[in-house]
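Got your viewer open and a selection box ready? Let's walk through this one stop by stop, picking something to select each time.

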Amino acid sequence: MIAANSSDKKRIAVIPGDGIGIDVTVEAVKVLKAAAAAGGKTLELTEFDWGADRYLKDGTTLPEGAEDMLRRDFDSVFVGALGDPRVPSMKHAADILLGLRFKLDLYVNSRPVVLLDKRLTPLRDRDEKDIHFIVFRENTEGLYVGMGGIFKKGTPDELATQEDINTRKGVERIIRYAYEYARKHKLTKVCMSDKSNALRFGHDLWQRVFAEVQKEYPEIESNHWYVDALTMQMVKNPAQFQVIVTCNMFGDIVSDLGAQLVGGLGLAPSGNIHPGKLSMFEPVHGSAPKYAGKNVSNPMAAIQTVAIMLDHLGWTAEADAVNNAVRAAVHEGKTTRDLGGPLGTREVGDWLADYVSKQGVAR
Ligand code: IPM
Ligand code: MN
């Protein structure tokens, strides 16, 4: 017998989290297993109960040393969603999700915006060829670092600060990643978005780094929109965009706008990536507690997220098989109600897993 190539086996840490995160993760795992089986690959899945229940039970959010354990024992991390009304401070979500983004230094938040069927966009007279781009959101700095404080809390003289951190290294690596992605995928345009007309220090750095890095990619057209104008352009003329690169806060906002252009959060996947290192994959949507356990949430974003993860792991044929299944389901109306279909969460997962098994994986 020939020993399996080590790249034929992957160890995945699965964190279903809270609310519908649990529902969609069941379906994502179903499709993940179907894709691996179809490709003759081996998976080792390990589930972690990090989330609101665990936090409320024993106070654990992200256990001590979790990032080292994950780096040592796993090839990638899959997350469903985090957030629970019983934890209004969102402490566990911040510790787990933002904690892993920071501790694993996952500086690329990759959020594709791809229209699968023109019926799904709220924009008039736009079809699949008009909305096909990717947002790279800086994921380790900016307003998200948690620097700041509150002084005289609860008094009329209260003061709150929230620092916006932009480092040359941080800005440069995300802008460079955007250009490298464009080059690798033979794309011709990169758009950087900031607010340098108002944020004269932090985003002046973005301007200067952008001007420097773009010189190394002369074959790629570089454009810039201030973020307010960017949101208008995304609605007015989305076809102009191929790659958008922006800071953490703006990336959070424009990726939700992008999601709505292609059918909503039910079709918005994401990867939190550090090239060459352990990375984490999660749908963009939250835990939608009121729909939890009701078999109504759309698992497609989680399943498209599986495809991004497979691609990152180098299992590109399996990733394509998963994306093809989602596309087919959308075209055939095998969807949940948010996309106009009659199916429940489980039925969509079953249909997609079955499609992947029947179609197999291209070799
Ligand atoms: C996202 C989410 C998170 C973020 C929240 C839950 C902290 O909105 O992944 O876009 O702002 O990054
Ligand atoms: Mn968000």
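Does Thr 25 count as buried or exposed? Thr 25 counts as buried, because its relative accessibility is 3% (buried means under 20% relative accessible area, exposed over 50%, partly exposed in between, with a 1.4 Å probe and protein chains only). Before going on, some ground rules: this is a predicted model, where local features need pLDDT of at least 70, side-chain atom pairs count only at pLDDT 80 or more, and totals for chains, interfaces and linings use all residues. Residues are numbered from 1 along each chain as its sequence is written, chains are lettered from A and ligands numbered from 1 in the order in which they are written, and side-chain values use heavy atoms, with hydrogens and water left out.

**Stop 1: Thr 25 and its helix**

Keep Thr 25 selected; its place is in helix H1 (helices are DSSP runs of H or I with at least four residues, strands are runs of E with at least two, and both are numbered from the N terminus). Now show what is around Thr 25: setting aside neighbours within four places in sequence, it is in contact with Val 14, Pro 16, Phe 78 and Gly 80 (contact means heavy atoms within 4.5 Å).

**Stop 2: H1 against H9**

Select H1 (residues 20–38) together with H9: their axes come within 8 Å and cross at roughly 45°. Axes here are lines fitted to C-alpha atoms, for helices over the stretch in contact, and angles run from 0 to 180 degrees between N-to-C directions. H1 and H9 are therefore oblique to each other (under 35 degrees counts as roughly parallel, over 145 as roughly antiparallel, 65 to 115 as roughly perpendicular, and the rest as oblique). H1 passes H9 in a right-handed crossing; a crossing is right-handed if the near helix is turned clockwise from the far one by less than a right angle, and left-handed if anticlockwise.

Show side chains next. On the H1 side you'll find Val 24, Glu 27, Ala 28, Val 31, Leu 32 and Ala 35, and they meet Ala 302, Ile 303, Val 306, Met 309 and Leu 310 in H9. By class, that contact of H1 with H9 has 10 nonpolar, no polar and 1 charged residues (Ala, Val, Leu, Ile, Met, Phe, Trp, Tyr, Cys and Pro count as nonpolar, Asp, Glu, Lys and Arg as charged, and the others, Gly among them, as polar).

**Stop 3: on to H10**

Keep H9 (residues 300–312) and add H10 (residues 316–331): they pack at an angle of about 160°, with axes 7 Å apart. That makes H9 roughly antiparallel to H10. Here the crossing is left-handed. Among the residues that meet are Ile 303, Ala 307 and Leu 310 in H9, and Val 322, Val 326 and Ala 329 in H10. The contact of H9 with H10 has 9 nonpolar, 3 polar and 2 charged residues.

**Stop 4: H10, H11 and the loop**

Swap H9 for H11 (residues 345–359). The axes of H10 and H11 come within 9 Å and cross at roughly 125°, so this pair is oblique. Trp 351, Leu 352, Tyr 355 and Val 356 are the H11 residues in the contact, with Ala 325 and Val 326 among those from H10.

Now click Gly 333, in the loop between H10 and H11. Gly 333 is partly exposed, with a relative accessible area of 25%. Leaving aside neighbours within four places in sequence, Gly 333 is in contact with Gly 341 and Pro 342.

**Stop 5: the sheet**

Show the strands: 10 of them form an open sheet in the order S2-S1-S3-S12-S11-S4-S5-S10-S8-S9, with mixed pairing (two strands pair if DSSP finds at least two bridges between them). S2 (42–47) and S9 stand at the edges with a single partner strand each, so one side of each lacks a neighbour in the sheet.

Zoom in on S8 (residues 189–194). 6 of its 6 residues are buried, so S8 is largely enclosed by the rest of the structure. Lys 189, Cys 191 and Ser 193 point one way from S8, while Val 190, Met 192 and Asp 194 point the other way.

Add S9 (residues 221–226): S8 and S9 pair in the parallel sense over 6 bridges. Met 192 stands opposite His 224 in S9, and Asp 194 has Tyr 226 in S9 as its bridge partner. Last pick, H6 (residues 202–214): this helix packs on the sheet, touching S5, S8, S9 and S10, and its direction makes about 165° with that of S8.
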